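Here are my notes on this entry, set out point by point. Please read them with the coordinates open.

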2 protein chains.
Amino acid sequence: MRAQDMPAVRNLPLFAGVQDDSFEELVSAALFQHFPPQVRLIHEGDSADFLYILVEGSVELFACNDGRETSMAIIEPTSAFILAAVLSDAVCLMSARTLTPSRLLMIPAEHIKRHFAEDKMFAVAIATELSKAYRQLVKMHKEAKLRPATERLANYLLRLAASHGEASSFTLPADKRTIAALLSMTPENLSRSFGALNAHGVRIQGPVVHIDKPDALIAFAKPNPLIDDPEIGLSSR
Amino acid sequence: MRAQDMPAVRNLPLFAGVQDDSFEELVSAALFQHFPPQVRLIHEGDSADFLYILVEGSVELFACNDGRETSMAIIEPTSAFILAAVLSDAVCLMSARTLTPSRLLMIPAEHIKRHFAEDKMFAVAIATELSKAYRQLVKMHKEAKLRPATERLANYLLRLAASHGEASSFTLPADKRTIAALLSMTPENLSRSFGALNAHGVRIQGPVVHIDKPDALIAFAKPNPLIDDPEIGLSSR
DNA sequence: ACTCTCTCTTGATATTTATCAAGCAATTGG
DNA sequence: CCAATTGCTTGATAAATATCAAGAGAGAGT
């Protein structure tokens, strides 16, 4: 692991209250690995042997049932994942694969669980993270149940813009096919929905989105803080 | 609060590791209230002032957006709710209302947060509960994204049967209209889906479901442990 | 017993979303 | 440079789901 990557990991809310020596212990037990794109890191149903921390690149969480597959989240640095599975000592409910070349810190589950049981500050930080992760998932589920497809896309674009400092242009965090799955639509319908958003000030150039008329898009999307506001400080799944 | 209700609350996994005196402190600060059916307990967007514990009756968690409303969960005793909002010191993402006459213990959020910060065992128990709640929600979201409506219903019936000790008959936990919203369908389509399940050994008599041919229903539903298995010990939302 | 109300069901229709089938553009590999 | 592949788009069609409109049945109140 590169020295310059260290601060980002150390500064995760997850490790906020833990002592330096405890943190050192966790990191020294960890593996640090590079992966090319499209590498399957986790197979759903497997036991959760590591807490993964994405240091660079991007990772997709996805899930399958009866021949279908859908995307559950796109993860960007610096962010931990399968925290809940590690703590529950349970099998993973989601699979994970790299989308781009990625570097990951993998902390053995046993170490996480031991520190969790022994270190009050760590337990508090984990509970705080999990409560935010839970709330984020509630928001996702509300969106899925309460919005039609094109509105989901419109609000997703607004959230992306917000996460890029309200930039009027930004690049999609994954292939359109992956974005489509994330938004519970087919690639065909994503394409058509992008077309429909043209009338509301959105322009697409390959992987880059231009929001030419933010007000028009907002008027169409009707964003709702109880769905669209991010959980501040959330960096775990 | 009735003396006979105490053990069920005390035995919640949430309080498993807390000392008796701490538990007494929490309970003595709490309100205990009866509510008739259809009473709004929580409005989404309001701050989370209490951790609610349902002692008797049933409560629906639901959410609204842009004139639509959907059901997020049906809660039965003994179970705590809005734990995540209380810990995050944030507004509620879901509303709550009683479905039947209900009795609830309401523990002020401040007390929960103080004990959480001070009592390691409580923090550990909360994190453990939240990780299970998170995983339960992942399962719900997977189901919503990966299964068509009638299959969702079929698996829901199998889960209800399992929770009733694999009983071949049981009563639905809420009005069909609420069940429909929970399964992301209209009442009309729920009705038609029940009709479709007739061919797979399901018989409906008002609010009671008979599973006459469990094997046929299972063959149709194709249950998946990574969606349908309950998180054991989960009693919080 | 009798409305009245409410919930659920059923049928007809509309809308939304998915699937299938080309086709096009960009990229990759020879 | 030229296939060949890949990712996306577009159009036509099919399937799933929602909406609208009655109507039937059960329970509540008079």
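**Notes on the model**

1. Tyr52(A) has a relative accessibility of 7% and therefore counts as buried, the cut-off being under 20% relative accessible area. This is a predicted model, and the values in the points below are computed from it.

2. Aromatic pairs. Taken over all chains, the structure contains 8 aromatic pairs. In one of them, Phe15(A) and Phe23(A), the ring centres are 5.2 Å apart and the planes stand at 65°, so this pair is edge-to-face; the angle qualifies because planes over 60 degrees apart are counted that way. Phe15(A) is buried, and so is Phe23(A). The buried Tyr52(A) of point 1 pairs with Phe50(A), again edge-to-face, with 6.3 Å from centre to centre and 70° between the planes. The centre distance of 6.3 Å falls within the 6.5 Å limit for a pair.

3. Cluster and charge. Phe15(A) and Phe23(A) belong to one aromatic cluster with Phe122(A). Which charged residue sits over the ring of Phe23(A)? The charged end of Arg10(A) does, 4.6 Å from the ring centre. Phe23(A) thus has an edge-to-face partner in Phe15(A) and a charge over its ring from Arg10(A). In chain B, Arg10(B) lies over the face of Phe23(B), and the distance to the ring centre is 4.6 Å.

4. Relation of the copies. Two copies of a chain are related by a rotation about an axis and a shift along it. Here a turn of 180° with a shift of 0.0 Å along the axis lays chain B on chain A, and the RMSD is 0.0 Å. The two copies are therefore related as by a two-fold rotation axis. Which residue of chain B comes closest to the rotation axis? That residue is Ala127(B), whose C-alpha is 2.1 Å away. As for the interface, 100% of the interface residues of chain B are also interface residues in chain A, so the copies meet through the same surface.

5. DNA strand C. This strand is surrounded by 14 residues, and the closest are Arg192(A), Lys176(B), Arg177(B), Ser191(B) and Arg192(B). Of the strand C atoms that come within 4 Å of the protein, sugar and phosphate account for 62%. Phosphate oxygens of strand C are approached by a side-chain N or O atom of Asn189(A), at 3.0 Å, and by a backbone N or O atom of Lys176(B), at 2.8 Å. A base is reached as well: an N or O atom in the side chain of Arg192(A) is 2.9 Å from a base oxygen of strand C. The surface near strand C takes at least two residues each from helix 8 (187-197) of chain A and from helix 7 (176-182) and helix 8 (187-197) of chain B.

6. DNA strand D. Around this strand there are 14 residues, of which Lys176(A), Arg177(A), Ser191(A), Arg192(A) and Arg192(B) come nearest. Sugar and phosphate make up 62% of the strand D atoms that come within 4 Å of the protein. Two side chains have a polar atom by a phosphate oxygen of strand D: Arg177(A) at 2.8 Å and Asn189(B) at 3.0 Å. A side-chain N or O atom of Ser191(A) is 2.7 Å from a sugar or linking oxygen of strand D. Helix 7 (176-182) and helix 8 of chain A, and helix 8 of chain B, each supply at least two residues of the surface near strand D.

7. Asp229(A). Is this residue buried or partly exposed? Its relative accessibility is 41%, so Asp229(A) counts as partly exposed. Asp229(A) is in the segment after helix 10 (225-228) of chain A. Not counting residues up to four places away in sequence, Asp229(A) touches Gln136(A), Lys139(A) and Asn224(A). Arg159(A) is 70 residues away along the chain, yet its C-alpha is 7.9 Å from that of Asp229(A).

8. Ser71(B). This residue is in strand 5 (residues 68-75) of chain B. Ser71(B) is buried, since its relative accessible area is 0%. Its side chain makes a polar contact of 2.7 Å with the side chain of Glu60(B). Neighbours within four places in sequence aside, the contacts of Ser71(B) include Leu61(B), Phe62(B), Thr178(B), Ala181(B) and Leu182(B) in chain B, and Lys145(A) in chain A.

Notes:
Residues are numbered from 1 along each chain as its sequence is written. Chains are lettered from A and ligands numbered from 1 in the order in which they are written. This is a predicted model: local features need pLDDT of at least 70, side-chain atom pairs count only at pLDDT 80 or more; totals for chains, interfaces and linings use all residues. Side-chain values use heavy atoms; hydrogens and water are left out. Rings of Phe, Tyr and Trp (its six-membered ring) pair if their centres lie within 6.5 Å; planes under 30 degrees apart count as stacked, over 60 as edge-to-face and the rest as tilted. Buried means under 20% relative accessible area, exposed over 50%, partly exposed in between (1.4 Å probe, protein chains only). A charge sits over a ring if NZ of Lys or CZ of Arg is within 6 Å of the ring centre and within 35 degrees of the ring normal. Copies are superposed by least squares on the C-alpha atoms of residues with pLDDT of at least 70 in both. Contact means heavy atoms within 4.5 Å. A residue is near a molecule or strand if one of its heavy atoms lies within 4 Å of it. A polar contact is a pair of N or O atoms within 3.5 Å; within protein, one must be able to donate a hydrogen and the other to accept it, and residues adjacent in sequence count only if both atoms are side-chain atoms. Helices (H or I, at least four residues) and strands (E, at least two) are DSSP runs, numbered from the N terminus.
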